[in-house]
Amino acid sequence: MPRWFAHRGGGDQAPENTLAGIRRAAALGLQAVEFDVMLSADGTPLLIHDETLERTTNGCGQVAATPDSVLFKLDAGGEPPPRFSDAARLCRQLGLLANVEIKPAAGYEVLTGETVAALAAQCWQGAAVPPLLSSFSVEALAAARRAAPQLPCGWLVETPPPDWPQRLQQLGARTLHCAAAATTPQLLAQARALGVPVLVYTVNDAKQAKSLLATGVAAVFTDRLDLARVALG
């Protein structure tokens with residue numbers, strides 16, 4: 001697994017969750033990107049973080065209530081919000097590992113998990129390296145596992161609960177993703193003993209990144225792609 005993931009596609013180098021960001025991450029030498037996927041009103045998976053359009057596009061309203069005919073004409077930073085299928089195709093072309101964060105709008109957890117996982121399985125069919133699906137939503141992650149059990153999954157939490165190994169096993173997840181501040185020597189030792197990679201977000205300080213990676217963290221998500229570039233040589 002690459003040790004550096006470009007957060008939301010291109011970190012601070014491009015508008016978030018865009019194809020331009022993914023291309024920028026690859027151009028800087030990163031081998032992995034993370035991005036968020038939600039469903040439109042028509043059920044089409046697209047790259048966007050918020051449930052609303054205002055922060056990252058020139059549109060307004062709820063993503064889940066906006067049809068494709070409107071969504072894909074918006075400006076998300078020089079391009080329309082990308083379809084998940086286009087981002088998947090680009091990642092494969094560039095040889096990037098994709099961490100696909102399933103980001104369901106409220107009330108759409110199961111549908112989003114099923115739809116995103118099924119499309120991911122289709123887009124990466126025959127790929128040597130499959131995508132890593134992850135989510136804060138247990139319902140979405142469980143639905144993704146049912147839809148595409150062959151794809152690896154990661155459970156996203158801010159602070160892992162004491163029973164995280166049992167819950168990870170119940171979900172069928174292979175990796176644990178948590179906030180950098182939640183990592184402790186005890187957590188990392190327990191994860192190491194269980195063979196569970198721990199991925200942490202969002203690390204934008206060079207000293208913190210070096211310390212985390214040296215103490216057993218498998219990978220970090222960062223907005224500072226310049227740090228990753230220096231580390232990668």
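**Exercise 1. Strand pairing around β2**

Task: In this predicted model, determine in which sense β2 and β4 pair, and over how many bridges.

Solution.
- Step 1. Locate the strands: β2 and β4 cover residues 32-39 and 97-102, and they pair in the parallel sense over six bridges.
- Step 2. Pick one bridge. Asp-36 has Glu-101 as its partner in β4.
- Step 3. Turn to β3, residues 45-47. β2 pairs with β3 in the antiparallel sense, over three bridges. Here Val-37 is bridged to Leu-47.
- Step 4. Check the connection. Five residues lie between the strands of the β2 and β3 hairpin, and Gly-43 takes a positive phi near 80° there.

**Exercise 2. The two sides of β2**

Task: Find which residues of β2 point one way and which the other way, and state whether they are buried or exposed.

Solution.
- Step 1. Sort by direction. Ala-32, Glu-34, Asp-36 and Met-38 point one way; Val-33, Phe-35, Val-37 and Leu-39 point the other way.
- Step 2. Apply the cut-off: buried means under 20% relative accessible area. Eight of the eight residues of β2 are buried.
- Step 3. Follow one side chain. Beyond four places in sequence, the contacts of Phe-35 include Arg-8, Ile-22, Leu-47, Phe-84, Cys-91 and Glu-101.
- Step 4. Place Phe-35 in the core. The largest nonpolar core has 59 residues, and Phe-35 and Phe-84 touch the most other members. α4 gives the largest share of this core, six residues.

**Exercise 3. Classifying aromatic pairs**

Task: Classify the pairs Phe-84 with Trp-124 and Phe-136 with Tyr-201 by distance and angle.

Solution.
- Step 1. Choose the descriptors. A ring pair is described by the distance of the centres and the angle of the planes. The model holds four aromatic pairs.
- Step 2. Take Phe-84 and Trp-124. Their centres are 6.1 Å apart, with 40° between the planes, and the pair is tilted. Phe-84 is in helix α3 and Trp-124 in the loop between α4 and β5, 40 residues apart. Both residues are buried.
- Step 3. Take Phe-136 and Tyr-201. The centres are 6.2 Å apart and the planes stand at 85°, so this pair is edge-to-face. The pair joins the loop between β5 and α5 to strand β8, 65 residues apart.
- Step 4. Add exposure. Phe-136 is partly exposed, at 40% relative accessible area.
- Step 5. Look for clusters. Phe-35, Phe-84 and Trp-124 form one aromatic cluster.
- Step 6. Look for a charge over a ring. The charged end of Arg-83 sits over the ring of Phe-72, 4.0 Å from its centre.

**Exercise 4. The buried face of α5**

Task: Work out why the buried residues of α5 line one face of the helix.

Solution.
- Step 1. List them. In α5, residues 138-147, the buried residues include Ala-140, Leu-141, Ala-143 and Ala-144.
- Step 2. View down the axis. The buried residues of α5 fall within an arc of 160°, so they line one face.
- Step 3. Recall the geometry. An α-helix has 3.6 residues a turn, so residues three or four places apart point the same way.
- Step 4. Name the neighbours. The buried residues of α5 pack against β4, α4, β5, β6 and α6.

**Exercise 5. A proline in a loop**

Task: Locate Pro-160 and decide whether Pro-160 is buried or exposed.

Solution.
- Step 1. Position: Pro-160 lies in the loop between β6 and α6.
- Step 2. Burial: the relative accessible area of Pro-160 is 14%, so Pro-160 is buried.
- Step 3. Contacts: beyond four places in sequence, Pro-160 is in contact with Leu-176, Cys-178, Ala-182 and Leu-187.
- Step 4. Distance: Pro-160 and Ala-179 are 19 residues apart in sequence and 9.0 Å apart, C-alpha to C-alpha.

Definitions and conventions. Residues numbered from 1 in each chain as written. Predicted model: local features only at pLDDT ≥ 70, side-chain atom pairs only at ≥ 80, totals over all residues. Heavy atoms only, no water. Helix = DSSP H or I, 4+ residues; strand = E, 2+ residues; numbered from the N terminus. Buried < 20%, exposed > 50% of the residue type's maximum accessible area, 1.4 Å probe, protein only. Contact = heavy atoms within 4.5 Å. Pairing = 2+ DSSP bridges. Arc of directions from axis to C-beta. Phe/Tyr/Trp six-rings, centres within 6.5 Å; stacked < 30°, edge-to-face > 60°. Lys NZ or Arg CZ within 6 Å of the ring centre and 35° of its normal. Core = buried A, V, L, I, M, F, W, Y, C linked by side-chain atoms within 4.5 Å.
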